[in-house]
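Good morning, and thank you for making time for this item. I would ask you to bring up the structure and keep it in view while I speak.

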Amino acid sequence: MYDTNLPTAELQALDAAHHLHPFTDGSGLIHKGARVITGAEGVWLTDSENNRILDAMAGLWCVNIGFGRPEMAEVAAAQVRQLSFYNTFFQTTHVPAVHLAAKLAELAPGELNQVFFNGSGSDSNDTNIRVVRHYWAAKGKPEKDIIISRWNGYHGSTMGSASLGGMKGMHSQGGLPIPGILHIEQPDWYFEGGDMTPEEFGLARARLLERAIDKVGEGRVAAFIAEPIQGAGGVIIPPETYWPEIQRICDEREILLIADEVITGFGRTGNWFGSQTLGIRPDVMTVAKGLSSGYAPIGASLLSDEVAQVINDAGEFNHGYTYSAHPLCAALALENLRILQDEDVIGHVQTVAGPYLQEKWKALEDHPLVGDASIVGMMGSIAMTPDKAARARFASEEGTVGLICRERCFANNLVMRHVGDRMVIAPPLVISEDEIDIFIDRAVQSLDETHARLKADGLMVAA
Ligand code: PXG
């Protein structure tokens, strides 16, 4: 297969010499050397030094059924033997694509019965930009082309999807955003809510959508896109008033609602989709990640019957990727969905491991460093603060404390990701109660060590 015997230092040197990593300062990596992951099973990673690391991020928010399932290996081998590739252009289809589209239509809520296949979350959102603009143009309203999204939302890394996203560090590289995208503020009550109650703040932030529509005119707005719960932005769970108000505005103002469920889909929030957990009725839904549990790259745009009908009636939709509905990826997605369903993984999140994890996670609020511990299903965050009463940020540059904590986690063989000075988690949904105990013990130890370090370095100071 490949040489499995190279020592860590040689692997790191070769990696630094030839491999540019995503979202990484490459020059830093030359000195430090990347951690080399060699294997994984269930919730456990193994690295080239034979450490066993508990992965509380499910790879990158995606390995919902856990790593290394033998059923998935069998399906992959069988599909490669049967049909390793064929495309779905030019009036052709194949069996895994047929079944996967039908399965997604069955699982997805409401009228989302139509599927356009993509290769990832990013290109799914690029598809969505073209779909919603083409939809309004086909209805005789080509000037309805603006898409509203949110600062600190994440929708991917391509030109279109990164423009939808509200990550300023991304916009500053490569000439983004593309024209026709407007951003409104996010519903982060903990750090931005000031003196408002969460309910008041949720309404206020939702009504920014109405203000933005009024500003440019309803006749110019095609769609609003948002993650039901922001993931990469720091697992920001909106106040309960937020989504009903957003839904009302989208309904009244005749704009399409796109729910980006790349992270929240396939059980992450305790239902098949985050839209069900949060009471959202999207016209378009983005899925990827948990669709295949990361066993193969695949994404999809799920469209309502009405949206798809308008697109279909308008003639040829000049859009598609070589790997739209790649048969290997589609077969693996189908097997992943079968496992989620047959093993009642969503029930496990709803009634067994989910509540167990949620109780332990909320209890972290007793830790002196933790101002807020929030969690829905199996995606959670803790906001670290030097002053709980004031919900204060640290005086140090944002992310300094988060990075220290992440490094303590690594040292304790735990993967938690930091977003600014929040720590976020999204473990494989199949995590057991025993594994949750180990996870929380390591998290507490890492928080203790972080706290000690902040005190020693004089960093427990509010901004
Ligand atoms: N939408 C959402 C909501 C996502 O979270 C994408 C779209 C893009 O998907 P692809 O498959 O193109 O990556 C994502 C991806 C992080 C991190 O560090 C999060 C993502 C990707 C990479 C890193 O939190 N989310």
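I shall go through the domains, two sheets, one pocket and some backbone details, in that order.

Please bear in mind that what you see is a predicted model.

Let me begin with the domains. The assignment divides the protein chain into domain 1, residues 1-34, domain 2, which combines 44-65 with 344-456, and domain 3, residues 71-342. Taken over C-alpha atoms, the centres of domain 2 and domain 3 are 26 Å apart. Between these two, 36 residues of domain 2 make contact with 38 residues of domain 3.

I turn now to the first of the two sheets. It is an open sheet of four strands, ordered β1-β2-β3-β13, with mixed pairing. Why is one side of β1 and of β13 left without a neighbour in the sheet? β1 (37-41) and β13 (414-415) stand at the edges and each has a single partner strand, so one side of each has no neighbour in the sheet.

Within this sheet, β1 and strand β2, residues 44-47, run antiparallel and are joined by four bridges. One pair to look at is Gly39, whose bridge partner in β2 is Thr46. The hairpin of β1 and β2 has two residues between the strands, and there Gly42 takes a positive phi near 60°.

On the next step across the sheet, β2 and β3 are paired in the antiparallel sense, over three bridges. Thr46 appears again here, standing opposite Arg52 in β3. Four residues lie between β2 and β3 in their hairpin, and Asn50, in the turn, has a positive phi of about 65°. Which helix lies across β2, β3 and β13? That is α17, residues 433-456, which runs at about 95° to β3 (52-55).

The second sheet is also open and has four strands, in the order β11-β12-β15-β14, and its pairing is antiparallel. Its edge strands are β11 (370-376) and β14 (417-419), each of which pairs on one side only. From one strand to the next, the twist averages 25°. Helix α16, residues 400-411, packs on this sheet and touches β12, β14 and β15, and its direction makes about 45° with that of β15.

Strands β12 (residues 379-384) and β15 (residues 422-425) run antiparallel and are joined by four bridges. Ser381, for instance, has Val424 of β15 as its bridge partner.

Next, a pocket. The second largest pocket has a volume of about 780 Å³. It is lined by 26 residues, and those closest to its centre are Thr88, Val115, Phe116, Asn312 and Phe317. Which element gives the largest share of that lining? The answer is β4, with four residues. At least two lining residues come from each of α5 (95-107), β4 (112-118) and α13 (305-313). By residue class, the lining of this pocket consists of 15 nonpolar residues, ten polar and one charged.

I close with two backbone details, for which some context helps. Most residues other than glycine have a negative phi, and most peptide bonds are trans. Ala58 is not a glycine, yet its phi is positive, at about 45°. This residue, Ala58, lies in helix α3, residues 58-61. As for the peptide bonds, the one joining Leu176 and Pro177 is cis, with an omega of about -5°. Where does Pro177 lie? Pro177 is in the loop between α8 (168-171) and β6 (181-184).

That completes the tour, and I thank you for your attention.

Methods
Residues numbered from 1 in each chain as written. Predicted model: local features only at pLDDT ≥ 70, side-chain atom pairs only at ≥ 80, totals over all residues. Heavy atoms only, no water. Pairing = 2+ DSSP bridges. Axes fitted to C-alpha atoms, helices over the stretch in contact; angles between N-to-C directions. Contact = heavy atoms within 4.5 Å. 1 Å grid on protein atoms, 1.4 Å probe; cavity = no way out; pocket = protein on both sides within 12 Å on 5 of 7 lines; lining within 4 Å. Points joined across faces, edges and corners; volume = space filled by probe spheres on them. Nonpolar A, V, L, I, M, F, W, Y, C, P; charged D, E, K, R; others polar. Domains from an automatic or database assignment.
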